[in-house]
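This briefing takes up three topics: how two copies are related, where one histidine sits, and how one sheet is built.

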There are 4 protein chains.
Amino acid sequence: MQIEKYKIDEFNHHLSKEHSSRYEFAAASVSNLDDVLQKLVDFQIAIPSWALGTGGTRFGRFSGGGEPGTLEEKIEDVGLLHSLNRSSGAISLHIPWDIPQNYQAIKSLAAQHGLKFDAVNSNTFQDQPDQQYSYKFGSMQHVDKAVRRQAVEHNIEVIRHGIELGSESLTVWLSDGSCFPGQLNFRKAFQNTLESLEEVYAAMPDNWKMYVEYKAFEPNFYSTTIGDWGQSLLMANKLGPKAYTLVDLGHHLPNANIEQIVALLLMEGKLGGFHFNDSKYSDDDLTTGSIKPYQLFLIFNELVAGMDARGMNHAKDLGWMIDAAHNVKDPLEDLLQSVEAIMLAYAQALLVDRTALAEAQQVNDVVRCQEILQDAFRTDVRPLVAEAQLRAGGAVRPLQLYRQLKVRENLIRERGLKTVASGL
Amino acid sequence: MQIEKYKIDEFNHHLSKEHSSRYEFAAASVSNLDDVLQKLVDFQIAIPSWALGTGGTRFGRFSGGGEPGTLEEKIEDVGLLHSLNRSSGAISLHIPWDIPQNYQAIKSLAAQHGLKFDAVNSNTFQDQPDQQYSYKFGSMQHVDKAVRRQAVEHNIEVIRHGIELGSESLTVWLSDGSCFPGQLNFRKAFQNTLESLEEVYAAMPDNWKMYVEYKAFEPNFYSTTIGDWGQSLLMANKLGPKAYTLVDLGHHLPNANIEQIVALLLMEGKLGGFHFNDSKYSDDDLTTGSIKPYQLFLIFNELVAGMDARGMNHAKDLGWMIDAAHNVKDPLEDLLQSVEAIMLAYAQALLVDRTALAEAQQVNDVVRCQEILQDAFRTDVRPLVAEAQLRAGGAVRPLQLYRQLKVRENLIRERGLKTVASGL
Amino acid sequence: MQIEKYKIDEFNHHLSKEHSSRYEFAAASVSNLDDVLQKLVDFQIAIPSWALGTGGTRFGRFSGGGEPGTLEEKIEDVGLLHSLNRSSGAISLHIPWDIPQNYQAIKSLAAQHGLKFDAVNSNTFQDQPDQQYSYKFGSMQHVDKAVRRQAVEHNIEVIRHGIELGSESLTVWLSDGSCFPGQLNFRKAFQNTLESLEEVYAAMPDNWKMYVEYKAFEPNFYSTTIGDWGQSLLMANKLGPKAYTLVDLGHHLPNANIEQIVALLLMEGKLGGFHFNDSKYSDDDLTTGSIKPYQLFLIFNELVAGMDARGMNHAKDLGWMIDAAHNVKDPLEDLLQSVEAIMLAYAQALLVDRTALAEAQQVNDVVRCQEILQDAFRTDVRPLVAEAQLRAGGAVRPLQLYRQLKVRENLIRERGLKTVASGL
Amino acid sequence: MQIEKYKIDEFNHHLSKEHSSRYEFAAASVSNLDDVLQKLVDFQIAIPSWALGTGGTRFGRFSGGGEPGTLEEKIEDVGLLHSLNRSSGAISLHIPWDIPQNYQAIKSLAAQHGLKFDAVNSNTFQDQPDQQYSYKFGSMQHVDKAVRRQAVEHNIEVIRHGIELGSESLTVWLSDGSCFPGQLNFRKAFQNTLESLEEVYAAMPDNWKMYVEYKAFEPNFYSTTIGDWGQSLLMANKLGPKAYTLVDLGHHLPNANIEQIVALLLMEGKLGGFHFNDSKYSDDDLTTGSIKPYQLFLIFNELVAGMDARGMNHAKDLGWMIDAAHNVKDPLEDLLQSVEAIMLAYAQALLVDRTALAEAQQVNDVVRCQEILQDAFRTDVRPLVAEAQLRAGGAVRPLQLYRQLKVRENLIRERGLKTVASGL
């Protein structure tokens, strides 16, 4: 299914008066308006191919209908999102769930939807039916060199797929770790992982980046070998200049100050990218911005400040991806909400008066520092994001139009009620 | 120091055009505008007498200047706040830090500032110089009946002061608990506490409420005898209809769903009141709304819904108090920020479309439920709160006027640079 | 597979000298030796039918071989455990995973293995293929009465099965809750759940108990309708004298003082039973005693003290069950380790000098209180537990004999390498 | 007060039969007995000078009697402990609380008690009466160079004191951080801290070590500039080979895997030392081993394995210190309990069968790995520790003798009931 442009135009036209009035009010107090709008237009968040179906927990999964069953249908789904919000112009593939049969056909399909191929993702946390060795006790950390070899080769294969599609980065999330004290020699596990990653690193083209993801726990419940930002940074530093740390918002211990981690990684030139989601308890993978929107804003506040300090391009110099599960929502609606929340946080971060903030910090005027941040956060920036998406060809209210056009009903008609997308 | 009304008027006049334009925009989309404004005018948050000085930690305290040294000066400080925001028209006294010498004089001073006396607070977590028995091992839970007796009598004395001043509630926060496994017989500690509270309860006038506060930990680090809402509710139910649970936002284990607790306590008719603050790690006692403003909104969302369901008066039927410490901010500025954050969260909760929410809940439209809540939260309600405070005689921007009038500099001139207010 | 008694005897005989020497040393310092041994002999921990296969996470499952495919094989597996340790003489069934086809045959098979039927467990957290309504948005809390009806009827059916088998309790674990703010009316969800449970309660025979389990989060990640002990107790009190709270060690927020909860529930006469496991982060479902053995001891310390205070029979008056998952261990070995850890903690708790402890508590001698508890905990009670199991006909070292007899290899030979037991 | 040797001998003689029987049983199963005993004899844990008085919280302090009022009395107190357990032969001084007036006299007093001077500790988390600049907004991170300068000079002065006394390490714990979002530029704060530490580093003699301590939160409640091991390691690596990370058990986010951190720091050659204590919620500073004794053992398991892998001397190559507060216990009794718990964990770690563990790890025999660790942990090693302390001239049961000799009563007689030691 594709949404015809005229339907979007009709919808926008219908809401144009209301939007204009809101936009004008919002725009009036933004000094660098054009710059803000352009940045919002440029900013694109990659959609992971595994997030287009209903997710589940170990206790079960309650699938919805019309889920994409093929890579082509997944691209179509991301295309749908992008046509509505013009902010999700990339897809992040997961191997082996999304092995392309025909690169040219896939690339041309994506191009047709205005999509790029973001980071490719390897999978050594599950056993595949035809696999020689099991990852039950880890992959790149494994005590057995043959298992490590298999994991390395899988990653090299993933890189090969990525090259064909035009990706320029590899995300390595290792679930490797242990469930019980004594199970693992922590030091050897780290060293084995490093050696394995070195081989993968060597196989990456020069213009590629490796994103080394970390996670505090799950699916291992005693230790994770790349368990926090410190371990990831240590790994990335040992690997070399193409290796970076990837931050997933749900991968921390309770109460971690993620924005500080982000700032320091940027300071070190070692932040690679982001996996957006939200959580209350652990890696809950909820809709971005649904639980802690202020934290999301504070992270963007550091991202904007830290990237500007290094003269980085917001849209291109880091990898921006969603990584969520949608157990009780329509996945596409969930993704529209996530993208909107990210855009709002980014817009608010762009509104922060950085000169005033630096001055207030310099005199330890803590009250004023808070006022400056909260002034941006309390501003209703929805009209600004809407205007940017409008200018880029999207719908002024993507979710509303999605419902109005009965997209899900159409997808169910096309694909059936019982399809289950690959993923978690 | 008192702020002359004409200075507030001048200030408001100066900002009137800007405010009007913002207010009109905000008001345009509020259907029940008058009702919302009136509720905002009526809503009053009590200021605790111990929050007017700089707070500290066990590692030290960095005092500021011009802190109030007497009860009279504390009332004056709250009066200052109230004259600016018209939303903090009550003071909550702590005994023995604020024992009034002359009730009539104190009452007339408070009245002069438009202040009421909210809940009185007892203190059995510290030893006073002239005290017979020590609370080192607890007060109302103590193994020694004489210590419990002393704690009970102190509370009865606090009630007596409260009656004289016109308070109608007693807040009992017990730090009682244990630091090490084995130290305490949990069951006896609970029973002793219950028996002690029963004596205090019996001494309360019929129109009084007892607020039974709970706290997960600190200053005891293994167990707290009234440690969570379940223990407080159990206690309150055993005590009788005048006993209620008091919720302090900082007194929970990590990730607790406070809004659900609030909803259930309202359902049971056993929510008594609130201690507002914010925190990231434990009982950090930070400015309300400075860390998790969305959580604050979600709590108010439950408060409004739950009180309306019981036909309760928002302003009068629960006790609303701030309980924070201000280690690195001017206490009065901090309190202005806290009150504003509370008013904003309350205003947003008033804007929630409850009919639509109930409908969406009824059909499990989770996406829409989230949209409805976030629509209210993302709305910039600052002009609405400002308008309410303006109508009530306050300043359109209390913090800005506070600074413009150099209130702190005046207080330092009056009271000196080295005064230290009683409190923590 | 069944283990012939003579093999156990041979094994014990072989180790008898070593065991005797250790036992004599351990026994020498136990004053009430016979009593302790008898209590250890009597104490039985039920094995849940779903814990006999390899568990998994949402990221995958790495199955082992020889898993039981039928209820008969599950009973056989528990029988194996019980023949080795004589401490796991009960099985807890889960419906619909273990619906018996022929009650008499099943009962007689269980009797043959010396097993009783402990609590039966209902399942309304998953959809079954033939089910009319989905539990995607809850079961007993559901906004739709028809869904609640279905959940109630399922529970009534579970009771019927239980009656036939001789069970006398029903464990109700409700995963009901919400993933996003706004999704649920907390109060209605609680009321709906209460009404549903009332119907189930009414269907229980008079000699039955209902165990109302609580859990902080997962599979719902914003709220759980019976989320903590306070909510469970509130529910149980409203239901009536046959309803009790069930404590699962992994179902709490970080740092919760579980032993205090246990003590208070015993004080209220409302503790029903236990689900044993261990965890470091969330509901990790690790081997009992593998992460926090001291906490396990402290819990047993409260259990022994609290039950004795009410004159309860340790073995019979509460429900004792394991509820764990075994993602990287042989499930039967894991269960042997869990049972041993529970027996050790119980034995240590029986050694606590309660008179001395009460005296030390009475004079606030915190140092001595700690010494008394740690003296019991630091005592090596393994020989005592071994002696008790020996006297009851078990093996002096169950795990060692399990390996020596190559039980798993035998099971794989019997059942095949690729069987997957029902469960999580 | 000093304990005459003959009293210790008498005490030991009295208990010798009982001890011998227990020791012989314990020794029988230890293969490398002499090695284990010698290591236990050699192992010394430094006592911090600030831990000799009763600690408190922000809510108050309940002092005990007989606390040491001078540096001399503090040395005497540590001497007392050391004469009893022969395992606490070092004192760690805190400047400015313990500025020596006469180095020679102090050194000779310490020598008389058999004590060495361990790491010296600086204090830039409090303002001293005569101090020019305030540390309210940080010290080495401060936006004002003059404040940083003052903090650096204080540290250099501390080094000077340490040199005179024979210390060879400096512990830098920086409470620097922020309480509110926006207050701090995280990157500048880190850079300022680094520059300040570089100056201190340059002032250290070549044979000195700098211990860079980290802490998640408190007294700052939003961010801490050296907040976790990753930030400390980053700092230490930038500083140079004399800089190391110091681990305090209470300075982590909930559920952190501290033993893994320890292993990795050892792997990197960057672990400097330890601050022992225990906690349930945050930095509770409870008696070591009182809450999580198994975690303590797991940490020592990594310490022994990791140090052995690098050929390090257990007793000398890392700094071992207690850092606890004693709010409800006699400080000296608390310290005796802490030292014992540390010695027990160390002894258990020495008993781990490392060859068998390595083999089990190599074949992923998780069950056996756990058995091996728990076999060591479940062994009652108290007789081994007692024997080692006995051989070194101490008492077979230090705490019992402490009470029997009425040490505290004597100290109160000597020093009075109302003395308050400097510290927290």
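Helices and strands here are DSSP runs, with at least four residues for a helix (H or I) and at least two for a strand (E), numbered from the N terminus. The model is a predicted one. In chain B, strand β12 spans residues 271-276 and includes His275(B).

**Surroundings of His275(B)**
- His275(B) has a relative accessibility of 1%, and therefore counts as buried, the cut-off being under 20%.
- Leaving aside residues up to four places away in sequence, His275(B) touches Thr171(B), Glu213(B), Leu246(B), Val247(B), Asp248(B), Leu249(B), Met321(B) and Asp323(B).

**Relation of chains A and B**
- A turn of 180 degrees with a shift of 0.0 Å along the axis lays chain B on chain A, at an RMSD of 0.0 Å.
- The two copies are thus related as by a two-fold rotation axis.
- Within chain B, Asp380(B) has the C-alpha nearest the axis, at 2.7 Å from it.
- Of the interface residues of chain B, 100% are also interface residues in chain A, so the copies meet through the same surface.

**Sheet of chain D**
- An open sheet of chain D consists of six strands with parallel pairing, ordered β6-β7-β9-β11-β12-β13.
- Its edge strands, each pairing on one side only, are β6 (120-121) and β13 (319-322) of chain D.
- Strands β6(D) and β7(D) (residues 169-172) run parallel and are joined by two bridges; Val120(D) has Leu170(D) as its bridge partner in β7(D).

**Helices on the sheet of chain D**
- Helix α7 of chain D (residues 229-239) packs on the sheet and touches β9 (209-213) and β11 (243-248) of chain D, its direction making about 160 degrees with that of β11(D).
- Helix α9 of chain D (residues 293-309) lies across β12 (271-276) and β13 of chain D, and runs at about 160 degrees to β12(D).

How values were computed: Residues are numbered from 1 along each chain as its sequence is written. Chains are lettered from A and ligands numbered from 1 in the order in which they are written. This is a predicted model: local features need pLDDT of at least 70, side-chain atom pairs count only at pLDDT 80 or more; totals for chains, interfaces and linings use all residues. Side-chain values use heavy atoms; hydrogens and water are left out. Copies are superposed by least squares on the C-alpha atoms of residues with pLDDT of at least 70 in both. Contact means heavy atoms within 4.5 Å. Buried means under 20% relative accessible area, exposed over 50%, partly exposed in between (1.4 Å probe, protein chains only). Two strands pair if DSSP finds at least two bridges between them. Axes are lines fitted to C-alpha atoms, for helices over the stretch in contact, and angles run from 0 to 180 degrees between N-to-C directions.
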